[in-house]
Each structure stands twice: as structure tokens, then as C-alpha cells.
Amino acid sequence: MNMHFFYAAIALMLIIICKEFIKKRYGFDSDKFDIGAFFHRFKPINKSMVIKRTSGKNNLIMVDAGENKATVMATLRQITGIDYRTAKQIVDTVPSQFLANISDKEADLTKKALEFVGAKIEIR
């Protein structure tokens with residue numbers, strides 16, 4: 001058995017316990033703390049890498065989820081921000097539309113990301 005996963009799980013549990021202790025003892029909620037604002041002072045953001053959500057005329061339709069549905073669901077959830085049940089429903093009931101009225105660039109990047117993990121996507 002590989003002990004690295006065990007040690008990582010223990011470390012993660014200790015972090016969560018410490019976080020809850022600090023929250024109860026000192027009233028500091030780390031979920032509301034914007035750590036990104038601290039790090040943005042040190043490295044500039046490349047504005048060409050940021051995709052702004054704009055409206056467009058494209059709809060994305062999943063034609064086939066591929067062999068590894070769990071990876072497609074995880075990628076779909078990361079890209080769109082939908083919950084587990086909705087992602088599972090989209091993957092199980094193909095063909096299904098999951099994004100509507102998005103820009104050309106956003107549609108193309110989303111299609112490439114999902115096709116990379118094995119799904120077949122159409123842009124209409």
C-alpha cells in the first residue's frame with residue numbers, strides 16, 4: 001500500500017481541523033479572506049488568458065460522453081459551475097444542450113476541453 005496517500009489524507013484533515021479551531025477561537029473565517037488579492041501584487045495577470053462571459057449565438061450540445069463519464073462530468077462541472085446531479089443528467093441523457101448563448105471563443109475553448117477528456121461536442 002502506498003503510504004503517501006495516507007499521509008496526504010492526514011495532512012488534509014489536520015488543515016481542516018486547524019481551520020475550524022481558528023474560526024471558533026479567533027473568529028477568523030478563512031473562506032472570506034481573499035488570498036488572491038495578496039498574490040496579485042507579486043505577479044501580473046495576463047489579460048489575454050482571461051475569458052469574459054459574454055453573450056453570443058452559440059449553443060453547446062454534448063453528443064457523446066465517451067468512455068470515462070466521471071472525467072467528463074468533473075470537467076463539465078469545473079467549466080460551467082453546475083452541480084453534480086445536473087452534470088450527471090447531462091452526461092446520461094445525451095444528446096443534451098448544456099451551455100446556451102455563449103461567445104465563439106468560449107464555445108471553442110469549452111469544446112476543446114471536453115473533447116480532450118473524451119466527450120463529443122457540437123457547436124450550434
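**Reading helix H3**

Reader: What does helix H3 look like, and how does its length compare with the expected span?

Author: Helix H3 covers residues 69–80, 12 residues in total. From first C-alpha to last, H3 reaches 16 Å, close to the 16 Å expected at 1.5 Å a residue. The expected span is 1.5 Å times one less than the number of residues. Helices (H or I, at least four residues) and strands (E, at least two) are DSSP runs, numbered from the N terminus. This is a predicted model: local features need pLDDT of at least 70, side-chain atom pairs count only at pLDDT 80 or more, and totals for chains, interfaces and linings use all residues. Residues are numbered from 1 along each chain as its sequence is written, and side-chain values use heavy atoms, leaving out hydrogens and water.

Reader: Which residues of H3 are buried?

Author: An α-helix has 3.6 residues a turn, so residues three or four places apart point the same way. In H3, the buried residues (under 20% relative accessible area, 1.4 Å probe, protein chains only) are Val72, Met73, Thr75, Leu76 and Thr80. Down the axis of H3, they fall within an arc of 165 degrees (directions from the helix axis to the C-beta atoms), so they line one face.

Reader: Which exposed residues does the face turned away carry?

Author: Ala70 and Gln78 are exposed there, meaning over 50%.

Reader: What do the buried residues pack against?

Author: Contact means heavy atoms within 4.5 Å. The buried residues of H3 pack against E1, helix H4 (84–92), E2 and helix H5 (104–116).

Reader: What follows H3?

Author: Gly81, with a positive phi near 85 degrees.
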